[in-house]
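Visitor: Please take one part of this structure and look at it closely. I would also like to know what surrounds that part.

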Amino acid sequence: MVSFEMNDRKKIGLGLTGFGIFFSFLGIIFLFDKGLLAMGNILFFAGVTLTIGLKSTMQFFMKRQNFKGTISFGAGFFFVVIGWPILGMILEAYGFIVLFSGFWPTLAVFMQKIPILGWIFQQPIFRSFFDRYRSKRVPV
């Protein structure tokens with residue numbers, strides 16, 4: 001059974017992950033500023049590591065089915081750090097989609113339960129899209 005208690009380490013990890021996403025967003029808004037993108041990448045990875053733990057992070061990124069996403073995300077991270085932010089972000093986006101593709105159905109169910117946003121996502125056009133992936137949902 002997975003523990004969902006929020007200790008201080010997980011709170012700090014979620015904060016770092018949020019700041020990582022925020023800095024990456026700012027880096028994209030400011031025309032792929034390599035400093036902001038690199039800072040966002042470092043904070044995002046540190047936050048994920050603190051949130052789920054070092055061992056779980058290594059197991060997730062080293063799974064055989066996640067190798068393509070891990071290599072793509074790592075290469076994108078490298079290209080952002082050396083100063084090629086556009087190529088790096090393209091590779092990172094692809095790696096992110098491949099790595100976290102198993103979580104999209106669970107995210108869809110979660111988004112349907114948010115008060116105002118949930119009403120929008122329960123409209124027939126979105127519902128048919130979400131129902132297609134509902135059978136593939138990862139059990140929580």
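**A close look at helix α5**

Guide: Of the 140 residues in the protein, 30% are buried. Here, buried means under 20% relative accessible area, exposed means over 50%, and partly exposed is in between, with a 1.4 Å probe and protein chains only. The model is predicted, so local features need pLDDT of at least 70 and side-chain atom pairs count only at pLDDT 80 or more, while totals for chains, interfaces and linings use all residues. Residues are numbered from 1 along each chain as its sequence is written, and side-chain values use heavy atoms, with hydrogens and water left out.

The protein has eight helices and zero strands. Helices (H or I, at least four residues) and strands (E, at least two) are DSSP runs, numbered from the N terminus. The part to look at is helix α5, residues 85-99.

Start with the length of α5. The expected span of a helix is 1.5 Å times one less than its number of residues. For the 15 residues of α5 that gives 21 Å, and the end C-alpha atoms are 20 Å apart, which agrees.

Next, its sides. Pro85, Gly88, Met89, Glu92, Gly95 and Leu99 are the buried residues of α5. They lie on the same side of α5, because they cover an arc of only 130° around the axis; the arc is that of the directions from the helix axis to the C-beta atoms. Ile86 and Ile90 are exposed on the other side of α5.

What does the buried side of α5 pack against? Its buried residues pack against α1, α2, α3 (54-61) and α4 (67-82). A contact here means heavy atoms within 4.5 Å.

Valine 80, in helix α4, shows part of this packing in detail. Valine 80 has a relative accessible area of 1%, so it counts as buried. Leaving aside neighbours within four places in sequence, its contacts include Pro85, Gly88, Met89 and Glu92, and these four are among the buried residues of α5. Valine 80 also touches Lys34, Leu37, Ala38 and Asn41. Its C-alpha atom is 9.4 Å from that of aspartate 33, although the two residues are 47 apart in sequence.

Two of the helices that α5 packs against, α2 and α3, also pack against each other, at an angle of about 115° and with their axes 6 Å apart. Axes are lines fitted to C-alpha atoms, for helices over the stretch in contact, and angles run from 0 to 180 degrees between N-to-C directions. In this contact, Phe45, Val48, Thr49 and Ile52 of α2 meet Leu54, Ser56, Thr57 and Phe61 of α3.

Last, the loop between α1 (8-29) and α2 (34-52) contains leucine 31, and phenylalanine 32 lies in the loop between these helices too. Leucine 31 has a positive phi of about 55° although it is not a glycine, and phi of phenylalanine 32 is near 55°. Leucine 31 counts as exposed, at 74% relative accessibility, whereas phenylalanine 32 is partly exposed at 29%.
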